[in-house]
Amino acid sequence: MKLTPLFLLITILILGSSTLQSCLQDHAPPTNVRAQLQYLTDSLYQRFNEKWGIDKNKGGFFLQVNSPAGSNLVSSNIEPGVQGNFHYRIASLSKIFTAAAIMLLHQEGKLTITDFIPSYLPTTPAYDIPNKNQITIKQLLQHRAGVFDITNQDIPTTVNQPYAGKRYSDYVRDDLNQDTHTFTFDELVGIVAQNKLSNFAPGTTFGYSNTGYNLLGKIIEKASGVAYPDFIRTRFLEPLQLTNTYNVWQGTDQRMKDPFVDSHLHIPGQSPIGTLEDNMSVHVTEGDMVSTPADITRWIELLLTGKAGLTPQTVSMMQEMEVADVSHGVYGLGLTFNDGLGFGHDGAHLSYISTLRYNPATKTTVLMVANFFKTNTTPETSYNDFLELALGVRNTALRAAQIANK
């Protein structure tokens, strides 16, 4: 399915100040923790069902909470109910794996994150991007390198190319009718290099860039001598027994493994459209991965407690936050942070919206996911609808953490 510019905005989830109190005033909530989490999730579904008229089993939520008191997984309007081994697209939560891989190589002395990137990239025209000699690995991790984001930005109309004025991936998949095309690092970065595209001088500000993480994937391959998906699999997934988590790097691999959580796109005047299948090869390193509630919550816990191969000292480096932008608040090395929730990342891809956090202070992990999205009649109203849904996901995660730690 074609990704419109609207959906290229949804790699960012924004923490707002609104609460779910309006959803919780009709009835007194139960006292049992699991029942409270179910009530919370049902209330969020009811809120959006009342506003948008979501059909039965055509969009809902699931919530996983792990705390010292126990683990609970609940879902609403997803049938059958979500289980711990149900696959879904984790989108930009994938960046945590990429950042952890870079930091593991740094820890092992195979690279230094303050080095400039040309030392770890091929000396070919495809990697001759603007300002490359002033970009460090750390800046790529922080989204402070100024790398043009080929998946989230239209190619400028000033470029003399057939794909000018549109997303490069849309051009390949729709205009060239190559929906199963396998995108590569060389290809994606090569478009940036060939057309001399850049957003700002390295280190001067924050600018979210998926293409910056594509560069990190190539750096991982150069420093390790191993293909990126194989590195993630052999250094993290297999040793940690994350058996239901995997990278998707081939354009023909468009359907998730069973069992899975389906996803739904709601368009005015149409029946909901299933968005389960997609070409994720354009998102390798920054949004391609598939996981499960059990695996992804275990991953963030192991990583941030120094049990995933990275030492506590290396993890602390990842947790050093800098001011980002209004949308992201603060951002470190592949991680963000929110008071009351902890460290983690957000992710969004047709039509999954995720918030994942681990709080070291309370030893509590929260994963909150919506498996639907709704467009509207204009880009502005569509974005406002997305924002409302994203805020609902984030605020529900925060409320779930509070319930788990009463």
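These exercises with worked solutions concern a predicted model of one protein chain.

**Exercise 1. The overall fold**

Work out whether the radius of gyration of the protein chain agrees or disagrees with that of a compact globule.

Solution.
- Begin with the length: the chain has 406 residues.
- A compact globule with 406 residues would have a radius of gyration near 22 Å.
- The protein chain has 20 Å, which agrees.
- For the outline, take the principal axes: the C-alpha atoms fill a box of roughly 65 × 50 × 40 Å.
- Then add the secondary structure: ten helices and 13 strands.

**Exercise 2. Interior and surface**

Find what share of the residues is buried, and describe the contacts and the surface.

Solution.
- A residue counts as buried under 20% relative accessible area.
- By that cut-off, 58% of the 406 residues are buried.
- Next, take contacts between residues at least 6 apart in sequence: 69% of them join residues at least 24 apart.
- The accessible surface comes to about 15600 Å². Carbon and sulfur atoms hold 49% of that area.
- Last, the charges: there are 30 positive and 36 negative ones, and their mean positions are 4 Å apart.

**Exercise 3. An aromatic pair**

Classify the ring pair of F61 and F372, and state which parts of the chain the pair ties together.

Solution.
- A search of the whole structure gives 17 aromatic pairs.
- F61 and F372 form one of these pairs, with 5.4 Å centre to centre and 80° between the planes.
- Planes over 60 degrees apart count as edge-to-face, and the pair of F61 and F372 is edge-to-face.
- Now place the residues: F61 lies in strand β1 (residues 61-67), F372 in strand β13 (residues 372-374). The pair therefore ties together parts that are 311 residues apart in sequence.
- Check the exposure of each partner. F61 has 0% relative accessibility, so F61 counts as buried. F372 also has 0%, so F372 counts as buried.
- Finally, look for further rings: ring pairs link F48, W52, F61 and F372 into a cluster.

**Exercise 4. S75 in its strand**

Decide whether S75 is buried or exposed, and list the residues that S75 contacts.

Solution.
- Locate S75 in strand β2 (residues 70-76).
- The relative accessibility of S75 is 15%, so S75 counts as buried.
- Set aside neighbours within four places in sequence. S75 is then in contact with Q38, T41, D42, F61, F62, G81 and V82.
- Look at F62: S75 and F62 are 13 residues apart along the chain, yet their C-alpha atoms are separated by 4.0 Å.
- Note the link to Exercise 3: F61 contacts S75 and pairs with F372.

**Exercise 5. Helix α4**

Establish how many residues of α4 are buried, and what they pack against.

Solution.
- Helix α4 covers residues 168-175.
- Six of its eight residues are buried, so the helix is mostly covered.
- The buried residues are Y168, S169, D170, Y171, V172 and R173.
- These buried residues pack against α5 (185-194).
- Take S169 as a case. S169 has a relative accessible area of 11% and is buried.
- Not counting residues up to four places away in sequence, S169 touches F183 and V282.
- End with what comes after the helix: N177 follows α4, and the phi of N177 is positive, near 60°.

Methods
Residues are numbered from 1 along each chain as its sequence is written. This is a predicted model: local features need pLDDT of at least 70, side-chain atom pairs count only at pLDDT 80 or more; totals for chains, interfaces and linings use all residues. Side-chain values use heavy atoms; hydrogens and water are left out. Helices (H or I, at least four residues) and strands (E, at least two) are DSSP runs, numbered from the N terminus. The radius of gyration is taken over C-alpha atoms; the globule rule is 2.2 Å times the number of residues to the power 0.38. Buried means under 20% relative accessible area, exposed over 50%, partly exposed in between (1.4 Å probe, protein chains only). Contact means heavy atoms within 4.5 Å. Accessible areas come from the Shrake-Rupley method with a 1.4 Å probe; for residues, only the protein chains shown count as cover. Lys and Arg count as positive and Asp and Glu as negative; His and the chain ends are not counted. The place of a charge is taken as NZ of Lys, CZ of Arg, CG of Asp or CD of Glu. Rings of Phe, Tyr and Trp (its six-membered ring) pair if their centres lie within 6.5 Å; planes under 30 degrees apart count as stacked, over 60 as edge-to-face and the rest as tilted.
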